[in-house]
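Hi everyone, thanks for coming. I have one structure to show today, and I'd like to walk through it with you piece by piece.

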Amino acid sequence: MKRCWFGVGLLVLLLVAGLLLTREMGIFHRDLGETMSRAAVLAGENRAAAQKLAVEVRDGWEQRRWLSAVLYDHAPMEQIEEYFALLHPGAETEDFQETCLRLAAQLKALWEGQQLTPENLF
């Protein structure tokens with residue numbers, strides 16, 4: 001009977017760890033998406049400040065990219081990486097604001113895809 005309780009305890013521990021990790025990473029990606037949306041709005045007025053925000057988002061993404069790669073599907077992550085490449089300071093993007101908006105949408109979609117909702121559960 002002790003083995004059964006050990007197994008149940010391990011499963012509960014994994015469930016709680018998974019829920020907490022999903023919540024933390026969701027908040028992280030949501031915040032990155034919101035910051036990138038602010039950069040898109042700011043791009044029309046002050047491109048230098050918008051690029052600074054974009055660099056901050058890229059740096060934040062780079063810090064947790066490995067954890068995202070472990071937890072999430074790689075297809076949206078590859079799209080996000082492509083958008084970051086377009087926003088690289090050396091690359092002159094024709095439509096900086098549009099790229100920021102697309103990147104923000106991808107980051108928010110990554111967040112929404114991991115939420116514990118009935119749509120995602122079933």
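I'll begin with the helices and what is buried between them, then turn to the charged pairs, and finish at the surface.

One thing before we start: what you see is a predicted model.

Let's take helix 1, which runs over residues 2-43. Helix 1 counts 42 residues, and the distance from its first C-alpha to its last is 61 Å. For those of you who like to check such things, the expectation at 1.5 Å a residue is 62 Å, so the two values are close.

Which residues of helix 1 are buried? They are Met25, Gly26, Phe28, His29, Leu32, Gly33, Thr35, Met36, Ser37, Ala39, Ala40 and Ala43. And what do they pack against? Their partners are helix 2, helix 3, which covers 74-86, and helix 4, which covers 96-112.

Let me pick one residue from that list, threonine 35. Its relative accessible area is 14%, and because buried means under 20%, threonine 35 belongs in that class. Its side chain comes to 2.9 Å from the backbone oxygen of aspartate 31. If we set aside residues up to four places away in sequence, threonine 35 touches Leu53 and Val57.

That takes us over to leucine 53, which sits in helix 2, residues 47-71. Leucine 53 is buried too, at 15% relative accessibility. Beyond its neighbours within four places in sequence, leucine 53 has contacts with Thr35, Arg38, Ala39 and Leu42. Here's a distance along the sequence for you as well: leucine 53 and glutamine 63 are 10 residues apart, and their C-alpha atoms are 16 Å apart in space.

Now please find cysteine 100, in helix 4. Is cysteine 100 buried or exposed? With a relative accessibility of 0%, cysteine 100 is buried. Leaving out neighbours within four places in sequence, its contacts are Met36, Ala39, Ala40 and Leu87. Of those, Met36, Ala39 and Ala40 are among the buried residues of helix 1 that I read out earlier. You can also compare cysteine 100 with tyrosine 83: the two are 17 residues apart in sequence, with a C-alpha to C-alpha distance of 7.9 Å.

On to the charges. Side chains of opposite charge can pair when their charged atoms come close. How many salt bridges does the structure hold? There are seven, and I'll show you three.

The first one I'd like to show joins glutamate 81 and arginine 65, with 3.5 Å between the closest N and O atoms. Glutamate 81 is in helix 3 and arginine 65 is in helix 2, so this pair ties together parts that are 16 residues apart in sequence. Both partners are partly exposed: glutamate 81 has a relative accessible area of 26%, and arginine 65 has 32%.

Next, in helix 4, arginine 102 and glutamate 98 form a salt bridge at 2.5 Å, N to O. They are four residues apart in that helix, which means about one helical turn separates them. Arginine 102 is partly exposed at 43%, and glutamate 98 is partly exposed at 33%. Elsewhere, salt bridges with shared partners link Arg30, Asp31 and Glu34 into one network.

Within that network is the third pair: aspartate 31 bridges to arginine 30, and their closest N and O atoms are 3.5 Å apart. Aspartate 31 is partly exposed, with 34% relative accessibility, and arginine 30 is partly exposed as well, at 27%. You may remember aspartate 31 from before, as its backbone oxygen is the one that the side chain of threonine 35 reaches.

Finally, the surface. Met1, Trp5, Val8, Val12, Val16 and Leu20 make up a nonpolar surface patch, and together they have about 650 Å² of accessible area. One of them, valine 16, lies in helix 1 and is partly exposed, at 41% relative accessibility.

My last stop is leucine 116. Where does leucine 116 sit? It is in the loop between helix 4 and helix 5, the latter being 118-121. Leucine 116 is exposed, with a relative accessibility of 65%. Although leucine 116 and leucine 19 are 97 residues apart along the chain, their C-alpha atoms are separated by 8.6 Å.

That's my tour. Thanks for listening!

Conventions. Residues numbered from 1 in each chain as written. Predicted model: local features only at pLDDT ≥ 70, side-chain atom pairs only at ≥ 80, totals over all residues. Heavy atoms only, no water. Helix = DSSP H or I, 4+ residues; strand = E, 2+ residues; numbered from the N terminus. Buried < 20%, exposed > 50% of the residue type's maximum accessible area, 1.4 Å probe, protein only. Polar contact = N/O pair within 3.5 Å; in protein donor to acceptor, adjacent residues only side chain to side chain. Contact = heavy atoms within 4.5 Å. Patch = residues over 30% accessible without salt bridge, like charges linked within 9 Å, V, L, I, M, F, W, Y side chains within 5 Å. Areas by Shrake-Rupley, 256 points an atom, 1.4 Å probe, with all protein chains shown as cover. Salt bridge = Lys/Arg side-chain N within 4 Å of Asp/Glu carboxyl O. Expected span 1.5 Å × (residues − 1).
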